[in-house]
Amino acid sequence: MLSDKYLKEISDFLKEDRKRKSIEIVYCIARPKWKNIFKIGRTTFLIKRNNYIEALRHRLKSLNNTSLRTSEFFEIRHAWISYNKTTSEKATHEHFKMFRESKNREFFLINSQKITKFLRKAPEKDLKIICSPLKKIKI
């Protein structure tokens, strides 16, 4: 779970940055038993209100209520606010295209370390990490 200090830091970052509009929240989710299979998607729900936790909660709830549902629910493993096309969902899909399970699906056979490496290479001004294996959030 994220500390109050870190949540305040993200909130302050968003308040200071009102001139720049968030493009989207990009997330990588998986089911608990999936070791190296991720769904990489995005949401723009509630971004105008800078309510990223609620946006992720809303998206996870809708995914967990779809035909993809089994006895396990999805968990967020990585999530970030993308301010630039280089860190968008589309750019992330393009970067990991060789690991794509199917051309018309958002599932990738990839390990978490490659996603972390991709995020570390991105300029700080292009994204704000919300959730990673080291900074988990409770949804």
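These numbered points describe how the sheet, helices and cores of this predicted model fit together.

1. On reading the model: residues are numbered from 1 along each chain as its sequence is written, and side-chain values use heavy atoms, with hydrogens and water left out. Because the model is predicted, local features need pLDDT of at least 70 and side-chain atom pairs count only at pLDDT 80 or more, while totals for chains, interfaces and linings use all residues.

2. On the sheet: five strands (a strand is a DSSP run of E, at least two residues, and a helix a run of H or I, at least four, both numbered from the N terminus) form an open sheet in the order E4-E2-E1-E3-E5, with antiparallel pairing; two strands pair if DSSP finds at least two bridges between them. Strand E4 (107-109) and E5 stand at the edges with a single partner strand each, so one side of each has no neighbour in the sheet. E3 and E5, which run antiparallel, are joined by four bridges, and Ile81 stands opposite Lys128 in E5.

3. On the helices against the sheet: H2 lies across E1, strand E2 (37-43), E3 and E5, and runs at about 45° to E1, where axes are lines fitted to C-alpha atoms, for helices over the stretch in contact, and angles run from 0 to 180 degrees between N-to-C directions. Helix H4 (residues 112-121) also packs on the sheet, touching E1, E2, E3 and E5; contact means heavy atoms within 4.5 Å.

4. On the buried side of H2: Tyr52, Ile53, Ala55, Leu56, Leu60, Leu63 and Asn64 are buried (under 20% relative accessible area, with exposed over 50% and partly exposed in between, using a 1.4 Å probe and protein chains only). These residues lie on the same side of H2, because they cover an arc of only 160° around the axis, the arc being that of the directions from the helix axis to the C-beta atoms.

5. On the cores: the largest nonpolar core (buried Ala, Val, Leu, Ile, Met, Phe, Trp, Tyr and Cys residues joined through side-chain atoms within 4.5 Å) has 17 residues, and Ile25, Tyr27 and Leu56 are among those with the most contacts inside it. Strand E1 (24-30), helix H2 (52-64), strand E3 (75-82) and strand E5 (127-131) each give two or more residues to this core, and the largest share, six residues, comes from H2.

6. On one residue in detail: Thr43 is in strand E2 and counts as buried, at 7% relative accessibility. Leaving aside residues up to four places away in sequence, Thr43 touches Glu24, Ile25, Tyr27, Ala55 and Arg59.
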